[in-house]
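I opened this notebook page to record what I looked up in the model, entry by entry.

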Amino acid sequence: MPVKRKKGAKFAQFIEGYGVPADILRDALTHRSWEEDGANNERLEFLGDAVLELLVSDYLFRTCPDATEGGLTRRRALSVSEPTLTAAAAGIGLGDAIRMSRGEESTGGRERPSILSDGYEAVTAAIYLGAGIEAARRFVTTTLAPLIEGVQERDFKSVFQEWAQEHLKQTPTYRIAEEIGPDHSKEFVAHCMLGETRAGTGRGHSKKEAEQSAAAAALDAVGVPVSGQKD
């Protein structure tokens, strides 16, 4: 008869080598649905998002010497997107280690992308606070870098379309709302639309550039980090 492993054992074994204080790690692994001790990981998620952006930016800067600023920005957006973080979290068994209510668990909470990706951010913050930036860098390099290597650079329109289809079950469309200036120096204004709702507005010297800028604005509006120059 096979031995039944304790729930969360894979993650516990993985995280043991990072020396994170138990109280910080406990908070990082607590979903807001858990109500027994008033703890949750939302503040750590906030910090982890910033730590991840720094570490992934540094990683891409060092490993993609020929990439432009806009290219690096797109790769970073994909690297810290919900699907990528979810895959990284699943790879270390994070879902089984998260404390959540029975109701949340019964509706598939341990596999829910938003819970896994948020948990990954919170654990990154816990490692940063409890063991320092180099330990957090090791965590990201070990768990996320292999996935980053497989991320293909795509444009902002593709990134936002994936996000909108996953989260809203909608496909964005684009409208050229305005053309400004003479033909030799024309500027276009584009709207990124979700149905009849304007999700973002952008400008560019071509219709394609304006649509890319509008998609980048839409991504920024929903919290996907895309700051920087757009190619």
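**Entry 1: Thr 124**

Is Thr 124 buried or exposed? I looked up its relative accessible area in this predicted model and found 0%, so I noted Thr 124 as buried, since the cut-off for that class is under 20%. The residue is found in helix H8, which covers residues 113-131. I then followed its side chain and saw that it reaches the backbone oxygen of Tyr 120 at 2.9 Å. Setting aside the neighbours within four places in sequence, I listed Gly 48, Val 51, Leu 52, Ala 136, Phe 139 and Val 140 as the residues in contact with Thr 124.

**Entry 2: the chain as a whole**

I next stepped back to the protein chain, which has 12 helices and three strands. Its C-alpha atoms fill a box of roughly 75 × 40 × 35 Å, taken along the principal axes. Of the 231 residues, 44% count as buried, and the chain exposes about 12400 Å², of which carbon and sulfur atoms supply 50%. I also looked at how the contacts are spread along the sequence: among those with a separation of 6 or more, residues 24 or more positions apart account for 57%.

**Entry 3: how far to trust the coordinates**

Before going further I checked the confidence, and the mean pLDDT of the protein chain is 87, with 93% of the residues reaching 70 or more. Helix H9 (residues 133-143) has the highest confidence at 96, while helix H4 (residues 69-79) has the lowest, at a mean of 80. Over residues 1-5 the pLDDT is below 50, and this stretch has two contacts in the model beyond near neighbours in sequence. Residues 227-231 also stay under 50, and for them the model has 14 contacts beyond four places in sequence. I reminded myself that coordinates should not be read in detail where pLDDT is low.

**Entry 4: Asp 58 and Arg 137**

How many salt bridges does the count come to? I noted 12, and began with the one in which the side chains of Asp 58 and Arg 137 meet at 2.9 Å, N to O. This pair links distant parts of the chain, with Asp 58 in helix H3 and Arg 137 in helix H9, 79 residues apart. Arg 137 has a relative accessible area of 27% and is therefore partly exposed. I then found that the two residues belong to a network of salt bridges that also links Arg 62 and Glu 134.

**Entry 5: Glu 211 and Lys 157**

For the next pair I looked up Glu 211, which forms a salt bridge with Lys 157, the closest N and O atoms being 2.8 Å apart. Glu 211 lies in helix H12 (residues 207-221) and Lys 157 in helix H11, so the salt bridge ties together parts that are 54 residues apart in sequence. I compared the accessibility classes of the two partners: Glu 211 counts as buried at 17% relative accessibility, whereas Lys 157 counts as partly exposed at 25%.

While in helix H11 (residues 156-167), I also looked up Glu 162, whose place is in this helix. Glu 162 counts as partly exposed at 36% relative accessibility, and its C-alpha is 9.6 Å from that of Pro 172, the two being 10 residues apart in sequence.

**Entry 6: Arg 175 and Glu 196**

The last pair I looked up is the salt bridge between Arg 175 and Glu 196, with the closest N and O atoms 3.3 Å apart. Arg 175 lies in strand E1 (residues 173-180) and Glu 196 in the loop between strand E2 (187-194) and strand E3 (197-204), so the pair ties together parts that are 21 residues apart in sequence. Arg 175 counts as partly exposed at 39% relative accessibility, whereas Glu 196, at 66%, counts as exposed.

**Entry 7: a nonpolar patch**

Which residues make the nonpolar surface patch of about 350 Å²? I found Leu 54, Tyr 128, Leu 129 and Ile 133. I followed up Leu 54, which lies in helix H3 (residues 42-63), and whose relative accessible area of 53% makes it exposed, because the cut-off for that class is over 50%.

Methods. Residues are numbered from 1 along each chain as its sequence is written. Side-chain values use heavy atoms; hydrogens and water are left out. Patches are made of residues with over 30% relative accessible area and no salt bridge: like charges are joined within 9 Å, nonpolar side chains (Val, Leu, Ile, Met, Phe, Trp, Tyr) within 5 Å. Accessible areas come from the Shrake-Rupley method with a 1.4 Å probe; for residues, only the protein chains shown count as cover. A salt bridge is a side-chain nitrogen of Lys or Arg within 4 Å of a carboxyl oxygen of Asp or Glu. Helices (H or I, at least four residues) and strands (E, at least two) are DSSP runs, numbered from the N terminus. Buried means under 20% relative accessible area, exposed over 50%, partly exposed in between (1.4 Å probe, protein chains only). A polar contact is a pair of N or O atoms within 3.5 Å; within protein, one must be able to donate a hydrogen and the other to accept it, and residues adjacent in sequence count only if both atoms are side-chain atoms. Contact means heavy atoms within 4.5 Å. pLDDT is the predictor's confidence in each residue, from 0 to 100.
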